[in-house]
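Student: Could we look at a structure together? I would like to know what stands behind the words people use for it.

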Amino acid sequence: MIRYIASRLLSLTLSLIAASIVIFAVIEVIPGDPAAFMLGVNARPDTLLALRDQMGLNDPLPLRYFAWVTGMLTGDFGISWTYKTPVAELVNDRIWVSLPLAIYALFLSTIIAFPAGIIAASRRGGMGDVSIMGATQLGVAIPNFWFAMILVLIFAIKLRWFSAGGFPGWDTPLLAIKSLTLPAIALALPQAAILARVMRSSLLDNLGEDYIRTARAKGLTRRQALWRHAVRNALIPVLTIIGLQFSFLLAGGIIIEQIFFLPGLGRLIFQSISARDLIVVESVVMLLVFVVIVVNFAVDLAYAVVDPRLRSRT
Amino acid sequence: MSRSIAIGATLTLVFLGLAALSFIYTPYDIQSFDIPNKLHRPDATNWLGTDHFGRDILSMIMLGARTSIAVAVLAVGIGICIGVPLGLLAAARRGSLLDELIMRGNDLVFAFPSLVIAILITAIFGPSAINAIIAIGIFNIPVFARLSRGAALPIWERDFILAARVAGKSSLRISIEHILPNITNLMIVQGTIQFSLGILAEAALSYIGLGAQPPTASWGRMLADAQTLTSIAPHTALIPGMAIVLMVLGLNLLGDGLRDWLDPRIRIART
């Protein structure tokens with residue numbers, strides 16, 4: 001087990017290093033000088049040079065890369081060129097919108113997908129299964145930004161139950177949760193559809209296993225065998241998908257945050273890209289990639305704990 | 001042939017047909033604005049109504065289908081043309097450092113938030129259909145590389161491959177002449193699924209203004225234009241959205257149906 005963890009840790013570190021090099025390289029090829037962008041077209045050459053110096057843009061590339069990486073390791077993400085505040089502070093402000101939104105959406109998709117997947121699998125081929133599978137096909141096909149528009153049209157404009165956008169802050173928790181509700185539903189729909197399909201197929205795989213026959217032979221009813229044995233085992237692949245979905249939701253809210261004017265990470269990235277505030281883009285993208293890689297690592301470890309066969313394979 | 005193939009193929013063919021037809025005929029010219037006729041609901045003259053410039057929505061849907069399909073097909077093409085050779089190479093050199101590098105490279109691409117990177121690419125190189133194709137295509141590469149490697153590995157263990165080796169064929173020839181034909185079905189199925197994801201991604205990019213630029217019609221762009229009009233003219237938002245949903249639904253049903261139909265194990269289980 002220790003060898004397995006060590007090998008996964010090595011692969012985790014290498015992935016993070018590779019990802020940081022790729023992100024840095026991509027940002028470096030971006031045409032346009034951020035200093036010139038900040039000063040506008042009428043900037044004097046010496047002012048431009050001075051600003052480039054101050055921003056560290058005149059240093060050689062490897063030096064800038066190491067400064068960036070070591071900064072991040074110590075929690076220093078640099079200072080935003082447009083906001084003039086530390087990137088870490090910007091991220092810290094925005095994460096309290098994006099993180100709750102991602103958790104909210106994940107919660108909604110799970111409470112929809114679990115029952116749907118279980119009902120579909122336990123009534124395979126029946127009306128319930130067919131209608132749930134049809135609904136998931138539709139759920140996967142609906143673009144979430146269009147769904148968001150429809151939600152706004154119905155619940156904000158026609159019924160006036162929710163506001164069409166904006167975020168009041170966490171000083172008023174109930175209002176904050178209310179303002180995240182429509183965005184969370186819009187984000188949750190396609191995720192719920194995917195999750196329900198995974199839940200169904202994983203459960204069907206398990207229902208065909210020998211241990212279920214044993215459980216039935218032992219005298220358990222179909223329902224008991226399903227709940228006590230099959231559902232529990234079927235959860236393993238479902239948890240993997242949930243892990244992956246979480247990191248997707250953290251970044252995937254980018255368009256939804258735009259639609260609902262939510263001051264989250266996605267909106268921060270979008271605005272920073274438009275303003276050529278590359279230090280923010282660089283750091284936030286790295287942060288998101290970091291989350292994905294670490295979540296994958298955690299899932300791998302969780303798998304190894306649950307399934308000893310995986311450990312011996314390395 | 002299953003019901004999902006029939007429904008999926010019909011929906012897909014309808015949109016392919018509309019896109020093809022748009023090259024020679026659209027009910028109206030969308031380049032000319034007809035402001036007095038703006039925001040008409042669907043009626044006998046404009047079957048799907050008109051938008052805020054008085055342009056015929058049916059004509060725009062037809063031209064938008066062309067954009068969506070072109071972007072998605074080319075993005076899948078990038079994925080297949082680069083991903084499949086990489087996957088075959090990794091399978092032919094399985095266990096080697098090269099294999100490890102290719103697979104870890106795939107994992108790395110998967111770790112990047114695709115939409116964020118697509119936005120970054122189109123923002124850097126300027127919004128256009130070409131850049132949207134590249135941005136979407138990059139994320140198709142690891143999908144096909146991983147899938148083709150996974151499918152090729154068990155084939156390498158088969159007896160007919162051993163026979164080909166004994167006959168003196170090189171790994172490259174075996175990969176092209178024997179492995180590739182055996183994984184084509186799988187690639188077609190995955191291609192259909194990636195095609196539908198490409199349609200969604202193109203719509204998302206053009207919705208935020210980073211896809212095909214006006215005057216080229218695109219479904220995402222139509223939705224962006226309709227956003228502020230939803231309360232007075234809901235059809236301007238509903239119709240392009242329905243077009244996306246139906247096209248994606250059609251491709252997904254087709255992909256699912258084909259997978260079941262091409263997989264002998266599932267076919268036998270059914271009969």
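Tutor: Let us take one helix of chain A and then chain B as a whole. This is a predicted model, in which local features need pLDDT of at least 70 and side-chain atom pairs count only at pLDDT 80 or more, while totals for chains, interfaces and linings use all residues. Residues are numbered from 1 along each chain as its sequence is written, with chains lettered from A and ligands numbered from 1 in the order in which they are written.

Student: What makes residues 144-158 of chain A count as a helix, α7?

Tutor: Helices are DSSP runs of H or I with at least four residues, numbered from the N terminus. α7(A) has 15 residues, so the run qualifies.

Student: How do you know what span to expect for α7(A)?

Tutor: The expected span is 1.5 Å times one less than the number of residues. That gives 21 Å for α7(A), and its first and last C-alpha are 20 Å apart, close to that value.

Student: Where is the kink in α7(A) centred?

Tutor: On A:Val152, with a bend of about 30°; the bend is the angle between axes fitted to the seven residues ending there and the seven starting there.

Student: Why is A:Trp146 called buried?

Tutor: Buried means that 20 or more other C-beta atoms, placed from the backbone, lie within 10 Å of a residue's own. A:Trp146 is among the residues of α7(A) that meet this, as are A:Phe145 and A:Leu151.

Student: How much of chain B is buried?

Tutor: Buried residues make up 48% of its 271 residues.

Student: How many helices and strands does chain B have?

Tutor: Eleven helices and zero strands.

Methods
Helix = DSSP H or I, 4+ residues; strand = E, 2+ residues; numbered from the N terminus. Buried ≥ 20, exposed ≤ 12 C-beta atoms within 10 Å, placed from the backbone.
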